[in-house]
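Here is a short briefing to read alongside the sequence and the 3D view. Take the topics one at a time and find each residue as you go.

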Amino acid sequence: MAFATMERKVTNSEYKCFSAFEYDVNLILRNCMHYNGNSTIFYKLAKDMETKAQPMLRDARKLAKKYNTVTGRPFVINCNQLNCKGNIFSLAINSTRKKRK
């Protein structure tokens, strides 16, 4: 699993519930920490992203519960609703850029 795969799945409305989306986010971060030593930049970035992503995911889960699952409409969460400065994908990209400088 990778963020690019998740982005494709969101674009193609492949996520049928928020739990699947949340699972993929956590899977990426867990894998990154599992397969990279804790002194590597990859581990540190994943740990940082995990800390930042959890409150966003918690808020997003609350919003996702409000969506009508009967209509089959895909959930779309606007970052303005979460009071954050970007979505989980931009969080991943921005975290990487900040650490490289």
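**How the helices pack**

The axes of H1 and H2 approach to within 10 Å and cross at roughly 170°. That makes H1 roughly antiparallel to H2, because an angle over 145 degrees counts as roughly antiparallel. Keep in mind that this is a predicted model.

**The whole protein**

- The protein has five helices and zero strands.
- Read from the N terminus, its elements run α-α-α-α-α.
- The protein has 101 residues, and 34% of them count as buried.
- Take the contacts in the protein with a separation of 6 or more: 57% of them come from residues 24 or more positions apart.

**H1 against H2**

- On the H1 side, the residues that meet H2 are Phe3, Met6, Lys9 and Val10.
- On the H2 side, they are Phe21, Asp24, Val25, Ile28 and Leu29.
- The residues of this contact of H1 with H2 divide into seven nonpolar, no polar and two charged.

**The loop between H1 and H2**

- Helix H1 covers residues 3-11 and helix H2 covers 18-35, and Glu14 lies in the loop between them.
- Is Glu14 buried or exposed? Glu14 counts as partly exposed, because its relative accessibility is 34% and partly exposed runs between 20% and 50%.
- Setting aside residues up to four places away in sequence, Glu14 touches Arg8 and Lys9.
- Ser13 also lies in the loop between H1 and H2.
- The relative accessible area of Ser13 is 29%, so Ser13 is partly exposed.
- Look at the backbone of Ser13: its phi is near 55°, a positive value in a residue other than glycine.

**Helix H2**

- How far apart are the end C-alpha atoms of H2? They are 26 Å apart.
- This agrees with the expected span, because 18 residues at 1.5 Å a residue should span 26 Å.
- The buried residues of H2 include Phe18, Phe21, Glu22, Asp24 and Val25.
- Also buried in H2 are Asn26, Leu27, Ile28, Leu29 and Met33.
- An α-helix has 3.6 residues a turn, so residues three or four places apart point the same way.
- Now pick out Glu22, which sits in helix H2.
- Glu22 counts as buried because its relative accessibility is 16%, and buried means under 20%.
- Apart from its neighbours within four places in sequence, Glu22 is in contact with Leu57 and Arg61.

**H2 against H3**

- The axes of H2 and H3 come within 9 Å, and they cross at roughly 170°.
- That angle makes H2 roughly antiparallel to H3.
- The residues of the contact of H2 with H3 divide into 13 nonpolar, three polar and four charged.
- From H2, the residues that meet H3 are Phe18, Ser19, Phe21, Glu22, Val25, Asn26, Leu29, Cys32 and Met33.
- From H3, the residues in this contact include Phe42, Tyr43, Ala46, Lys47, Met49 and Glu50.
- Further H3 residues that meet H2 are Gln54, Leu57, Ala60, Arg61 and Ala64.

**Helix H3**

- Helix H3 covers residues 41-64, which makes 24 residues.
- At 1.5 Å a residue, H3 should span 34 Å, and its end C-alpha atoms are 32 Å apart, which agrees.
- Where does H3 have a kink? The kink lies at Ala53, shortly before the proline Pro55, and its angle is about 30°.
- Ala53 is also one of the buried residues of H3.
- The others are Leu45, Ala46, Met49, Met56, Leu57, Ala60, Leu63 and Ala64.

**A residue to check: Lys44**

- Lys44 belongs to helix H3.
- The relative accessible area of Lys44 is 43%, so Lys44 is partly exposed.
- Lys44 and Met33 are eleven residues apart along the chain, and their C-alpha atoms are separated by 7.9 Å.
- With its neighbours within four places in sequence left aside, Lys44 is in contact with Asn38 and Ser39.

Technical notes
Residues numbered from 1 in each chain as written. Predicted model: local features only at pLDDT ≥ 70, side-chain atom pairs only at ≥ 80, totals over all residues. Heavy atoms only, no water. Helix = DSSP H or I, 4+ residues; strand = E, 2+ residues; numbered from the N terminus. Expected span 1.5 Å × (residues − 1). Bend = angle between axes of the 7 residues up to and from the residue. Buried < 20%, exposed > 50% of the residue type's maximum accessible area, 1.4 Å probe, protein only. Contact = heavy atoms within 4.5 Å. Axes fitted to C-alpha atoms, helices over the stretch in contact; angles between N-to-C directions. Parallel < 35°, antiparallel > 145°, perpendicular 65-115°, else oblique. Nonpolar A, V, L, I, M, F, W, Y, C, P; charged D, E, K, R; others polar.
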